[in-house]
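Biologist: I should like a close look at one part of this molecule, namely its strands and whatever packs against them. Please continue from there to the nonpolar residues, and explain each term as it arises.

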Amino acid sequence: MVTSAASAVPRLVVAAPSSGSGKTTVATGLMAALAGRGLAVSPHKVGPDYIDPGYHSLATGRAGRNLDAYLCGPELVGPLFLHGARGCDIAVVEGVMGLYDGAAGEGELASTAQVAKALGAPVVLVVDASSQSRSVAALVHGFVSWDPEVRVGGVILNKVGSDRHEALLREALDSVGVPVLGVLRRVPQVATPSRHLGLVPVAERGAEAVDAVAAMAAQVSRGCDLEGLVALARAAGPLPGGSAPWTPGPVPAPSHHPAASDGTSPPRVAVAGGPAFTFSYAEHTELLAAAGAEVVTFDPLRDEELPEGTAGLVIGGGFPEVYASELSANEPLRKAVAGLALSGAPVAAECAGLLYLCRELDGSPMCGVLDASARMTGRLTLGYRDAVAVSDSALAVAGTRMRGHEFHRTVVEPGAGAAPAWGVRAPERRVEGFVERGVHASYLHTHWASEPGVARRFVERCRTS
């Protein structure tokens with residue numbers, strides 16, 4: 001059982017009535033402002049988003065972590081939160097979409113409201129007030145009263161036009177009984193650039209991202225009651241249900257080359273990183289390390305060789321379509337990846353990794369591991385998926401059920417190999433992905449914390465392949 005002190009970490013959830021209200025600006029700015037005051041801030045994001053956690057990490061100096069009740073199950077929300085919040089003074093959780101929006105057709109599942117209830121965390125509602133005055137009271141009242149188990153502890157008014165506008169909004173909200181904990185005016189320099197899948201990741205922006213986070217922190221510090229927000233977070237109390245922190249398993253004792261139990265060196269797993277491959281969950285590398293692997297990151301845009309001694313390869317999501325020409329130009333690495341895959345070594349590729357393993361992407365030669373071609377389209381494929389492993393692979397035995405998420409504007413032809421990776425049950429029944437030799441390649445993003453055996457199986461295959 002987790003101690004009450006550990007489960008009572010101060011926390012709050014930054015939510016909104018809808019997307020585009022300013023959650024990311026407020027949440028990231030609040031994280032940075034609190035960190036600037038010397039607090040150890042634990043950053044979290046509801047849902048499968050990979051990009052916002054990058055800004056959270058920049059704001060706090062800690063790994064941004066996701067809380068996804070669909071991918072991992074509601075029962076893991078509290079444990080994963082406590083794992084990320086170890087040793088922190090306060091935790092800030094950024095919501096997803098509107099407060100009560102979740103997985104399509106699944107009620108509250110995967111909504112910000114569900115996560116707030118699982119954490120017993122007060123909600124701060126960020127309201128875009130740019131086109132309303134007295135109506136803001138009806139809006140906030142509706143969100144406060146919709147679900148009595150969700151505690152809306154305060155409101156932050158965003159995009160307020162003037163002092164007079166602010167006065168009208170405050171007067172209207174007096175009747176609702178929810179304190180106004182911040183008022184933010186329009187500040188252009190806080191805006192972060194977007195493209196076809198959302199914000200441009202931190203890894204691609206460098207100093208611009210640092211400046212953007214600093215601007216968010218300054219805006220939140222000027223316009224928000226930081227003391228009031230901290231007090232609200234401290235009033236959260238212990239997590240419901242006595243959750244214990246999630247753990248990836250016993251991590252080997254630190255050393256430069258830790259030995260396995262049989263005296264051999266641990267298998268080295270190379271994980272793709274850099275600007276083209278920014279989509280990953282922090283828990284994946286933790287699980288690989290706990291399973292006995294030595295995890296080494298490499299950048300397919302710049303490194304012409306795989307890390308020496310690579311026994312397995314993990315290529316997650318990202319934006320290879322943006323960097324297709326640069327990835328293609330790095331022919332030595334493409335050949336190294338192809339050679340490793342042809343040797344039968346385990347290779348796990350998700351979405352961007354799938355594209356990288358194809359023959360070509362938008363006409364640019366890729367690694368050629370898979371007899372498939374990839375191209376950009378104008379159609380967005382987005383949503384949660386309930387999947388079952390169709391073929392035995394380095395990740396899972398056939399019949400293993402996992403939940404995943406798709407988010408891309410590309411298409412791979414054919415969409416599945418002779419041995420598909422997954423059978424997807426909704427929104428339509430289909431098979432997708434490729435299992436060839438040691439390769440498991442698919443569009444599906446999965447969260448390995450929901451099925452820790454995935455990492456253990458992968459590392460064991462690295463030992464024996």
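Modeller: The account below begins with one sheet, follows its helices into the nonpolar interior, and ends with a second group of strands.

The model is predicted: local features need pLDDT of at least 70, side-chain atom pairs count only at pLDDT 80 or more, and totals for chains, interfaces and linings use all residues. Residues are numbered from 1 along each chain as its sequence is written, and side-chain values use heavy atoms, with hydrogens and water left out.

Helices (H or I, at least four residues) and strands (E, at least two) are DSSP runs numbered from the N terminus. Two strands pair if DSSP finds at least two bridges between them. In the order S11-S10-S12-S13-S21-S20, six strands make up an open sheet with mixed pairing. Strand S11 (294-298) and strand S20 (434-436) each have a single partner strand, so these edge strands have one side without a neighbour in the sheet. From one strand to the next, the twist averages 15 degrees; angles run from 0 to 180 degrees between N-to-C directions, along axes fitted to C-alpha atoms, for helices over the stretch in contact. Within this sheet, strand S13 (residues 347-350) and strand S21 (residues 439-442) run parallel and are joined by four bridges. Opposite Ala348 stands His440 in S21.

Two helices lie across these strands. Helix H11 (residues 282-290) crosses strand S10 (268-272), S11 and strand S12 (310-315), at about 140 degrees to S11. Helix H15 (residues 453-464) lies across S10, S12 and S13, and runs at about 145 degrees to S12.

Leu288 leads from here to the interior. Its contacts (heavy atoms within 4.5 Å), leaving aside neighbours within four places in sequence, are with Val269, Ala293, Val295, Val314, Trp448, Ala455, Phe458 and Val459. A nonpolar core is a set of buried Ala, Val, Leu, Ile, Met, Phe, Trp, Tyr and Cys residues joined through side-chain atoms within 4.5 Å; buried means under 20% relative accessible area, exposed over 50%, and partly exposed in between (1.4 Å probe, protein chains only). The largest such core has 110 residues, and those with the most contacts inside it are Phe81, Leu99, Leu119, Leu157, Leu288 and Phe458. Helix H2 supplies the largest share of this core, seven residues. Another core, of 39 residues, lies apart from it and includes Leu301, Tyr323, Leu327 and Val337.

H2 (residues 23-36) also packs with helix H9 (residues 207-223), at an angle of about 85 degrees and with the axes 7 Å apart. H2 is therefore roughly perpendicular to H9, a description that applies from 65 to 115 degrees, whereas under 35 is roughly parallel, over 145 roughly antiparallel and the rest oblique. Residues of H2 in this contact include Thr24, Val26, Leu30 and Ala33, while those of H9 include Val213, Met216 and Val220. The residues of the contact of H2 with H9 comprise eight nonpolar, six polar and no charged; Ala, Val, Leu, Ile, Met, Phe, Trp, Tyr, Cys and Pro count as nonpolar, Asp, Glu, Lys and Arg as charged, and the others, Gly among them, as polar.

Finally, there is strand S4 (residues 90-94), where five of five residues are buried. Ile90, Val92 and Glu94 lie on one side, and Ala91 and Val93 on the other. Strand S1 (residues 11-15) runs parallel to S4 and is joined to it by four bridges, with Arg11 opposite Ala91. Strand S2 (residues 41-46) is likewise parallel to S4, through five bridges, and Val41 stands opposite Ile90.
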